[in-house]
Every structure is written in C-alpha cells, then in structure tokens.
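This report walks through one protein chain, element by element. Please keep the sequence and the 3D view open while reading.

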Amino acid sequence: MGISPVQGKEAVDAKSAITVSVYDDARVGLAALQQMEQISSEVFAHVGIEVRWLNCGVNGELTHVSADCGQASFPEMLQLRFLRRPRNLKPGIFGISYLNAGGDGCYSQVFVEPIEQLHQQFPIELSTLMGYVATHELAHLLLGTNSHSSMGIMRAHWGPKELESANMGGLRFYPDQRERIAARVAAGIRHNQQILAATASRRNIAAD
C-alpha cells in the first residue's frame, strides 16, 4: 500500500485468537511497537479477532521472548517485520504482504521511512500511522486475494479522508471485510484443529 498523490456486521461475541511475531529491523523501539500493537489490536477487536503480540526482535536484536517466536501457520501464527525501506519496490510503498496461489500467507513487511515522510506532511503520530499500516498488511493475509477496497483502511492508496479517520482513531474495516476476516480465520483455525486431531489419532493408533 502507499499514499494517494492528493496531499493533505458488528464485532462477534466469541473472539478468535491469532499470534503475530514482530521483528523490529528498523529500530523503531519497543515503546513505538507497543503503541502500534495497541492501535492494531483495537481495530481487529471490532472484527472479533484477538491479537497476541510477540516482540521477537527489538532494535534489530533478537529477543526470543517466546518459543512461539518465528512460527508461521495460517491464520493463527503470522509474522510482521519492520524494515527501513522497501527493496525493489516503487517509492512510497508502506508495506507488502506475501500470499500463495491459494490466497493464504503468513508474512508481512512494513517500511518505516515512507511512513516517516508521511508523518512529516500530516499531523499524525508515527506510531498511529504504523499501527494502521500494520493492520492493513496483516489484513491482506487474513482477507486473502483481491482485498483492496475503494475507501477505508483497505484502500490501496490512502487519501485525506483515510488519514483524517486514522488521526481520529476511527479507521476501520467495512462490514463485509469484517465478516470475511472472521469467516476465514475461524475456518482456518477449525482446519488446523482437524489436522492436529487427525495426527493425534494416527499416533494413538500406531502406539496401540
């Protein structure tokens, strides 16, 4: 996603849980990461998604705070990496997510330098911008292919309306996006649980 050239269903009751391993290769610092995570958590909470954040690398140093750090499994175990700038991409790109042919993915990247440039143009906290960009990129993983919209948080290039909403803390997913995320996450979790149950059953049979 990037910035526009122009300057300037309700949440479900039962929440699904996902874990995001965060790597701070851009050295933004733990305080900024935690503020970013809070903003993203609030947006996903409206979808009925609870996010567990693991800060696995802070200021460019690996911390390995959990055995779950670095694990990747759609949709429950995702990875988010902050880098200074995009490589081999157009200038002004804020982030990128990687999907396979089936539309699933576990890896997202956020680029801090273009966000810092936007921060200099608009009176929005840097951590706020990072939080919404991170949410946008993680949502690409959870929504699958063709997940951009003409307006709102999933717009490919944010304009003044999206930036104003972000500054007011009101940039959200639309109802159809919330339903799609909730459905794909729930279906993915059920699928993984079925695989684990089948594997355990085969092991028990083999042990007998």
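In this predicted model, a good place to begin is helix α1, whose buried residues are Ala32, Leu33, Met36, Glu37, Ile39, Ser40, Val43 and Phe44. Seen down the axis of α1, these buried residues fall within an arc of 165°, so they line one face of the helix. On the other side of α1, by contrast, Ala31 and Gln38 are exposed. The buried residues of α1 pack against strands β2 (16-24), β3 and β5, and also against helix α3 (126-143). The helix itself runs over residues 30-45, which makes 16 residues, and from its first C-alpha to its last it reaches 22 Å, close to the 22 Å expected at 1.5 Å a residue.

**The sheet**

Six strands form an open sheet in the order β4-β3-β2-β5-β7-β6, and their pairing is mixed. The strands β4 and β6 are the edges of this sheet, since each of them pairs on one side only. At one edge, β3 and β4 run antiparallel and are joined by two bridges, and Val58 has Glu61 in β4 as its bridge partner. At the other edge, β6 (residues 95-98) and β7 (residues 107-111) also run antiparallel, with four bridges between them, and Ser97 stands opposite Ser108 in β7.

Which residues of β6 point to the buried face, and which to the other? Gly95 and Ser97 point to one face and are buried, while Ile96 and Tyr98 point to the other face and are not buried. This fits a general pattern, for in a regular strand the side chains alternate between the two faces of the sheet.

**The nonpolar core**

The largest nonpolar core has 48 residues, and among these Val20, Leu80, Phe82, Phe173 and Ile181 touch the most other members. Several elements build this core, because β2, α1, β3, β5, α2 (112-121), α3, α4 (160-167) and α5 (175-207) each supply at least two of its residues. Helix α3 gives the most to this core, with ten residues. Taking Ile181 as an example, and leaving aside its neighbours within four places in sequence, one finds it in contact with Val47, Ile49, Ala139, Leu142, Leu143 and Phe173. As a general rule, in soluble globular proteins nonpolar side chains tend to be buried together.

**The cysteines**

The structure holds one disulfide, which is formed by Cys56 and Cys69, with their sulfur atoms 2.0 Å apart. Cys56 lies in strand β3 (residues 49-58), whereas Cys69 lies in the loop between β4 (61-62) and β5 (77-83), so the pair ties together parts that are 13 residues apart in sequence. The torsion about the S-S bond of these two cysteines is about -90°, and therefore the disulfide is left-handed.

Why does Cys106 not bond to the closest cysteine sulfur? The sulfur of Cys106 is 14 Å from that closest sulfur, which belongs to Cys56, and this is too far for a bond. The table lists the relative accessibility of each of these cysteines.

| Residue | Relative accessibility | Class |
|---|---|---|
| Cys56 | 0% | buried |
| Cys69 | 13% | buried |
| Cys106 | 11% | buried |

Each class in the table follows from one cut-off, because a residue counts as buried when its relative accessible area is under 20%.

Note on methods:
Residues are numbered from 1 along each chain as its sequence is written. This is a predicted model: local features need pLDDT of at least 70, side-chain atom pairs count only at pLDDT 80 or more; totals for chains, interfaces and linings use all residues. Side-chain values use heavy atoms; hydrogens and water are left out. A disulfide is a pair of cysteine sulfur atoms within 2.5 Å. Buried means under 20% relative accessible area, exposed over 50%, partly exposed in between (1.4 Å probe, protein chains only). The expected span of a helix is 1.5 Å times one less than its number of residues. The arc is that of the directions from the helix axis to the C-beta atoms. Contact means heavy atoms within 4.5 Å. Two strands pair if DSSP finds at least two bridges between them. A nonpolar core is a set of buried Ala, Val, Leu, Ile, Met, Phe, Trp, Tyr and Cys residues joined through side-chain atoms within 4.5 Å.
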